[in-house]
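The following note is offered to a colleague who is meeting this structure for the first time. It proceeds by numbered points, from the whole chains to single residues.

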Amino acid sequence: MMIDLSTELSGLKLDNPVIPASGTFGYGLEFAKIYDLNILGSISIKGTTKDARFGNKLPRIAECYAGLINSVGLQNPGIDHVINNELPELRKIFNKPVIANISGFSVDEYVYCAERMDKISNVGIIEINVSCPNVHGGGITFGSDCEKVFEVTQAVKKVTHKPVYIKLTPNVTDIVKIALSAEEAGADGISLINTLLGMRIDIKTHRPIIANKTGGFSGPAIFPVALRMVYQVHKAVNIPVIGMGGISCAEDVIEMMMAGASAVQIGAANLIDPLACKKIIEDLPKLCERLKIQRLSDIIGITD
Amino acid sequence: MRDINFKIIENKKIARDIYKMILAGDTSDIKNPGQFVNVKLPFQYLRRPLSVCDYNDGELTLIYKTVGSGTNFMSTLKNGDVLSILSGLGNGYEIIKSDEPVLIGGGVGIPPLYALAKRLIENNIRPEIILGFNNFEDVFFEEEFKALDLNVKIATLDGSYGSKGLVTDFIKNNQYAYACGPLAMLKAVYKKIHDGQFSFEARMGCGFGVCMGCSMKTNSGFKRICTDGPVFKYSEIIWEND
């Protein structure tokens, strides 16, 4: 049986739904040393801001049961460097459109970054990160406020013709309301979820393990939360949803797509197994065959 | 970098909370002393980054300290058990031609200096060895370095073994230093010498340069301890929070 794994995001055709998530894959260069990136559906590149950022103090990582907390703080070389160096390097090894994940500390900064990414031919989707929990005055402060999400989405839509996906934070009381604000403002799709705000304490020193005290919790432990939110948002909006949060195997991909995801992003799993995406892509056809799924896109949102 | 299955052929306690594990498997990804591996353990989400103590055709030696549930579990593993290990991570030490360099290690910073000492000897360089511990119960690898026919000096904080004091008490002027140990030790060594290489440690997410969990500022820009390091040259290092 030939299994059709292809899917679509706002007119962008993907060979399969598997996309490494922003911040867990760099710009692909390290992974290209161990497998051909062209097997991937797309790649969401490391979150980019207008200016270069070092990010937060160390430690930035704390382990948890079935996951980890990170507080990197959007370390990146700045949009000029990314456009002039990282994206051209990635283009040499990856011949499909990428997802440009951008972040900002003001509406103007989101607009500036979107305007710059709009002109880059190998950018297929602009993903607006309004959900970073690790920076002050940006990220999550936008994503937890319906009006702010509306404002950022509308402003970005005005300066780009590329599909705009809004990446949402789960740290809100009503994820559906936020998603609807993004859709109303003209978003072409929704990415969810970013990490859950979390914390660990070193019981020997009484101090938080993370220097910034709190950070974003990701990994298999958050999968049920992500799945529930994707399910709720997919039911409420009429635009595609990219589902992410703890996906670690082909079974999780199927489950997330049944909940309503048109494509998925793989995050923490890349950190502990650099071949995670490759293995998932190899396992998907076998699993589809077992489940008698001929065309993967048929299962999107199939769960009542 | 490669994910390789290694089979345990020895796992024994060699000092207080310190274990030596020898594993059989493909070590060809390890090119330099001072590189590390990232070990996957059952029931632990993140891998455990451990410096390579020794490597040769098909045999990998790791020294680890039991500090939490992961390494405690590791100490219970038996011969024949198999571990998934990301091998050949980080840059490692560069062999620099110099007269009588000194290798300075503190606690679990000592292991990578053993393979380094062997490589230096292969290059006809005979380093001096300075090892620092808290107490006599913590001392390990003195005999192994002596077996390489090297001059080994030991300092303990409480004076219960070797000389009472710090590793820096033994450093002579103008010696080229290769150091690995706690941050406070590295800083103290840095102040006593004029050139050398320093191995840093950090809590890591991936260990291969993609999560940006272990970045540090250097004179040549932002670097990742896991991939651009863990070994940094004297001239690159900036000490923050001084």
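1. In what follows, Lys and Arg count as positive and Asp and Glu as negative, while His and the chain ends are not counted. On this basis chain A carries 30 positive and 32 negative charges, and the mean positions of the two sets are 5 Å apart. For chain B the counts are 28 positive and 28 negative, with mean positions 4 Å apart. The model is predicted, and the remarks below should be read accordingly.

2. Overall form of chain A. Ten helices and 13 strands make up the secondary structure elements found in chain A. Its radius of gyration is 18 Å, which agrees with the value near 19 Å that a compact globule of 304 residues would have. The C-alpha trace of chain A spans about 55 × 50 × 40 Å along its principal axes.

3. Interior and surface of chain A. Of the 304 residues in chain A, 60% count as buried. The accessible surface of chain A amounts to about 11900 Å², and carbon and sulfur atoms contribute 52% of that area. Among contacts in chain A with a separation of 6 or more, 73% involve residues 24 or more positions apart.

4. Overall form of chain B. Chain B contains four helices and 15 strands. Its radius of gyration, 17 Å, is close to the 18 Å given by the globule rule for 242 residues, so chain B is as compact as a globular protein of that length. The C-alpha trace of chain B extends about 45 × 40 × 35 Å along its principal axes.

5. Interior and surface of chain B. The buried share is 58% of the 242 residues of chain B. About 10100 Å² of surface is accessible in chain B, with 48% belonging to carbon and sulfur atoms. Of the contacts in chain B between residues at least 6 apart in sequence, 61% join residues at least 24 apart.

6. Helix H6 of chain A. Which residues of helix H6 (residues 175-184) of chain A are buried? They are A:Ile175, A:Val176, A:Ile178, A:Ala179, A:Ser181 and A:Ala182. An α-helix has 3.6 residues a turn, so residues three or four places apart point the same way. The cover over the buried residues of H6(A) includes helix H4 (140-143), helix H5 (146-157), strand S8 (164-167), strand S9 (189-192) and helix H7 (223-236) of chain A.

7. The ends of the same helix. At the start of H6(A), a side-chain oxygen of A:Asp174 comes to within 3.1 Å of the backbone nitrogen of A:Val176. After H6(A) comes A:Gly186, with a positive phi near 105°.

8. A buried asparagine in a loop. A:Asn16 is located between strand S2 (12-14) and strand S3 (18-20) of chain A, in the loop that joins them. Is this residue buried or exposed? A:Asn16 is buried, because its relative accessible area of 4% is under the 20% limit. Its side chain reaches the backbone oxygen of A:Ile39 at 2.8 Å. Beyond its neighbours within four places in sequence, the contacts of A:Asn16 include A:Leu5, A:Leu40 and A:Ile281.

9. A buried valine in another loop. A:Val135 belongs to the loop between strand S7 (123-129) and H4 of chain A. With 7% relative accessibility, A:Val135 counts as buried. Outside its neighbours within four places in sequence, A:Val135 is in contact with A:Arg53, A:Gly73, A:Leu74 and A:Phe105. Of these partners, A:Phe105 is 30 residues away in sequence, with a C-alpha to C-alpha distance of 8.7 Å.

10. Cis peptide bonds. In chain A, A:Leu58 and A:Pro59 are joined by a cis peptide bond with omega about -5°. A:Pro59 sits in the loop between helix H1 (29-32) and strand S4 (61-64) of chain A. In chain B, the bond from B:Gly229 to B:Pro230 is cis, with omega near 10°. B:Pro230 lies in the loop between strand S14 (221-224) and strand S15 (231-233) of chain B.

11. Positive phi at residues other than glycine. A:Ser10 has a positive phi of about 50° although it is not a glycine. The residue is in the loop between strand S1 (7-9) and S2 of chain A, and A:Ser10 is partly exposed, at 31% relative accessible area. A:Lys213, likewise not a glycine, has a positive phi of about 70°. Its loop runs between strand S10 (196-198) and strand S11 (215-218) of chain A, and A:Lys213 is exposed, with a relative accessible area of 52%.

Technical notes. Residues are numbered from 1 along each chain as its sequence is written. Chains are lettered from A and ligands numbered from 1 in the order in which they are written. This is a predicted model: local features need pLDDT of at least 70, side-chain atom pairs count only at pLDDT 80 or more; totals for chains, interfaces and linings use all residues. Side-chain values use heavy atoms; hydrogens and water are left out. Helices (H or I, at least four residues) and strands (E, at least two) are DSSP runs, numbered from the N terminus. The radius of gyration is taken over C-alpha atoms; the globule rule is 2.2 Å times the number of residues to the power 0.38. Buried means under 20% relative accessible area, exposed over 50%, partly exposed in between (1.4 Å probe, protein chains only). Contact means heavy atoms within 4.5 Å. Accessible areas come from the Shrake-Rupley method with a 1.4 Å probe; for residues, only the protein chains shown count as cover. The place of a charge is taken as NZ of Lys, CZ of Arg, CG of Asp or CD of Glu. A polar contact is a pair of N or O atoms within 3.5 Å; within protein, one must be able to donate a hydrogen and the other to accept it, and residues adjacent in sequence count only if both atoms are side-chain atoms.
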